[in-house]
Structure formats: structure tokens, C-alpha cells
Amino acid sequence: MSRESEADPSGEAALPGALPGALPEALRAELVAFRRDLHMHPELGNQEFRTTAAIKARLEKAGLRPRVLAVGTGLICDIGTVGAEGAAVGGVPVLAMRADIDALPIPDTKTECAYRSTVPDRAHACGHDVHTTVVLGAGLVLAELHRQGRLPRPVRLIFQPAEEVLPGGAADAIADGALDGVGRIIAVHCDPRVDAGRVGLREGAITSACDRLEISLDGPGGHTARPHLTTDLVTAAARVVTDVPALVGRRVDTRAGLAVTWGRIESGHAPNVIPQRAELSGTVRCLDLEAWRQAPDIVVAAIDEVANLHRAKSEINYVRGVPPVVNDGDVTALLRDAMVARRGESAVEGTEQSLGGEDFSWYLERVPGSMARLGVRPPGERTVRDLHQGDFDADESAITVGVELFTAAALLDAAGR
């Protein structure tokens, strides 16, 4: 039995618009303007002071009492009565809604956009400005329902800093009590492959684990006429680039999807000089949680083997990142029911597991939750503006969809528990 039928004495599924909490037109326009302001003023992880202040001011204007995190950026805000231990009065677990608020260190390359970034080499190219606006909008709608006595249970808004900074700002939010009393947590992530007006859902792993790898190779250097008398570091680095991913792929079950991919290699200054140092950096991604736990030992051993074969001394900095986001079945069903209640069955589609990393996973290590893919592609558009690209933008109708999804989830969660 779906949550709609559990909440509806008639036993019939809820129809679009049957739940309270529709987004008023005036607020819809305000949220678009709010998102555009964030888009024009992107801030990197742990530097989101203006963004935090803007969110805080709007929540306070609505009569709420947000609390800035101890790290100085990001904030938490409860809607409804919450006890000293974080749980709703009576010990009922709170439903949390999380948004990430930081931007990326890349230039905004959109040429015909009135709200493109005004900050050099900074851009909201991952949609965090949309995520933030969705949670803000949901909070404002739910706050109004609370004033009307129509919000069955408290809800917590989490505006988290530094998602793009490994191992992610989620740890700071959790340490500051973001999950105290929380029973479930939900989030959205923009997906340019999904049409606006729809969401993609998946039970189980929806992202991969992601770690960072930094390597330096050292040797005595020498003349390119006599490579046999020294350590040929350029060749050694090239072999690390090609051989390490192959070795790693043969030391775990291939279904685990453990992959090493390089993003930078740097060595040498002259064509006839064998350098004394080479540097490489990249990422390690993995679809499987258990393989991710084994990954550091496997990857480091493979690098050492290849480096030793070429008589290069290796220094390896393996930076632990984030585990996969593993969506809980019940919470994913809640999001599905919420979307169907607002927009019907056709607004929901399945989605595949991504090799991208997301620190929302740290929340799910502690409480059940689910992340939905929020469609941001203009319907009918064939060109996909991928994430982490300077020309990324979102169809802003997705903001309304996200707000509707979250407000319906809050109401159905209260009805179903």
C-alpha cells in the first residue's frame, strides 16, 4: 500500500495537487531571482559567507531561527518544535532536507546569460545554487504550513558548505549536530540528462566512491643521450599512467568498477634533459562499497610496483574522499510517492548509478535517506550541458519541481510513520 493510500481514508492514490503546499506564483518568481543572485556570486567551499548570509536573512524574514555552523559557513534551520536532543517533541524522528551551497573553481563560459558569474574563475557549474534554492523554497512553504497548523511534524533544513572539497563539508555539518534527532534525510542533485519536470530515482547505490590521488616520482635525472645511466622519469611516469589502471582493474572483481583516471601529469623543462621529478594526480572511483574500502592498499601497491620496475622513488598521497551514496529503499519510495502525488507517474523515471562522487553519502552512513536526480534539461533540447563545465545551466522550472517534491515528501512522511 502506498503512502498516499495510507494517508487517504478512501484508499485511493493522491492526485497531483491533492496535497497542500503548492508553490505560490510570487514565491516562485522570488526563488528564481534568488537562484540567479547565487549564480552571479559563486563562492568556493568554506568561503560561502555571502551565500550563508543570504539564506539566513531570508529564513529570518520568514520568522525562522537558522543557526550558522561552527565552521562559519552553512547553516541549519528547524521548522516546528524540536526538543533539546534534536528530535521532534514526543521523540518522533525529524525529516531532514539537505542542500550543498558551494561553487566550483572554473570560469563561467556562458556568453548569452544575464546572470552569468561575476566572479572570475568561479561558477555554479554543478547546480548547487539550484539545490540551495529548492531547500530554501521548501522551507518557506513548510514554514507557512506550520503557521497554519498544517505541518504534521518538524522538518530540518541543512545548508551544507564545501561539498566539492574532499572529504566534503558533510562531516562538519554532522559534527555540528545536523543529524541529531533526524530519522531520514533527502536531497536532490541536478541532472542535465533528465528533462525538467521529471526526477530520476534509484534504490541502492546512485553514485560512486571518489578518492584523490597525488604522486611524485623522483630520480637523479640526466641526459637523454644516456637514459641507461639514470632513471628515465618521463617513461616511468608514462608507465604509471598506463599500467596502474590496468593492474588495479585486475585485482578486484570487475563488477566493482574500481577505476584510476588521471587528470594531471607534469615533468621536465627541456627536450634533451631527463628530469629529476615527475608529478601525477587523478581520482580513484569505485561503484562498490567493499572494494572502495580495499582501494588504497590495492592502488598504492600497484604504483609502487610500476615505479620500482623503472627505478623511480615514489611518494604517494592517497586522499580519502567519499563512499557511494546508497539510497534507502523506503526513503526512495517516499520520494517516488511524493513526486507522483504532485505530478503523476510520468514524472518519475529510473536512473543509473553514476561514477560521480557526493558527500551526501556521509549522512547515509548514519541515517537512511535518498537522493533524487532533479531534471534540469529544457524539454526538447538535444544538447546536454554536462556538470562541471563552464557553460552549464539549468531550466529554472526545476526549482518548482524540487520544492513540490520536498514539501510533498514532508507531508507524506508524517502520514506514513
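This report describes the nonpolar cores, one helix packing, the cysteines and one loop residue of a predicted model.

The largest nonpolar core of the model holds 67 residues, and the residues with the most contacts inside this core are L59, M97, L157, F159, L405 and F406. Helix α10 supplies the largest share of this core, namely 11 residues. A second core, separate from the one just described, consists of 30 residues and includes I215, V240, V306 and A307. As general background, nonpolar side chains in soluble globular proteins tend to be buried together.

Helix α10, which spans residues 397-416, packs against helix α8, residues 329-343, at an angle of about 115°, and the axes of the two helices lie 8 Å apart. This crossing of α8 and α10 is right-handed. On the α8 side the contact is formed by L334, L335, D337, A338, M339, A341, R342 and R343, while α10 contributes T400, V401, E404, L405, T407, A408, A409, L411, L412 and D413. By residue class, the contact of α8 with α10 comprises 11 nonpolar, two polar and five charged residues.

L405 belongs both to the contact between α8 and α10 and to the residues with the most contacts inside the largest core. When neighbours within four places in sequence are set aside, L405 is in contact with V188, V199, L335, A338, M339 and A372, and among these partners L335, A338 and M339 are α8 residues that take part in the helix contact.

Turning to the cysteines, the count of disulfides in the model is zero. The table sets out the closest sulfur for two of the cysteines.

| Cysteine | Closest cysteine sulfur | Distance |
|---|---|---|
| C113 | C190 | 14 Å |
| C190 | C126 | 7.7 Å |

C113 forms no disulfide because the closest cysteine sulfur, that of C190, is 14 Å away and thus too far for a bond, the cut-off being 2.5 Å. C190 is likewise in no disulfide, with the sulfur of C126 as its nearest at 7.7 Å. C113 has a relative accessible area of 15% and is therefore buried, since the term applies under 20%; C190, at 1% relative accessibility, also counts as buried.

What is the place of T351? T351 is in the loop between β15 (348-350) and α9 (361-364). T351 nevertheless counts as buried, because its relative accessibility is 14%. Apart from neighbours within four places in sequence, T351 is in contact with D191, R193, G200, L201, R202, I206 and R373.

Key: Residues numbered from 1 in each chain as written. Predicted model: local features only at pLDDT ≥ 70, side-chain atom pairs only at ≥ 80, totals over all residues. Heavy atoms only, no water. Axes fitted to C-alpha atoms, helices over the stretch in contact; angles between N-to-C directions. Helix = DSSP H or I, 4+ residues; strand = E, 2+ residues; numbered from the N terminus. Left-handed = near helix turned anticlockwise from the far one by under 90°. Contact = heavy atoms within 4.5 Å. Nonpolar A, V, L, I, M, F, W, Y, C, P; charged D, E, K, R; others polar. Buried < 20%, exposed > 50% of the residue type's maximum accessible area, 1.4 Å probe, protein only. Core = buried A, V, L, I, M, F, W, Y, C linked by side-chain atoms within 4.5 Å.
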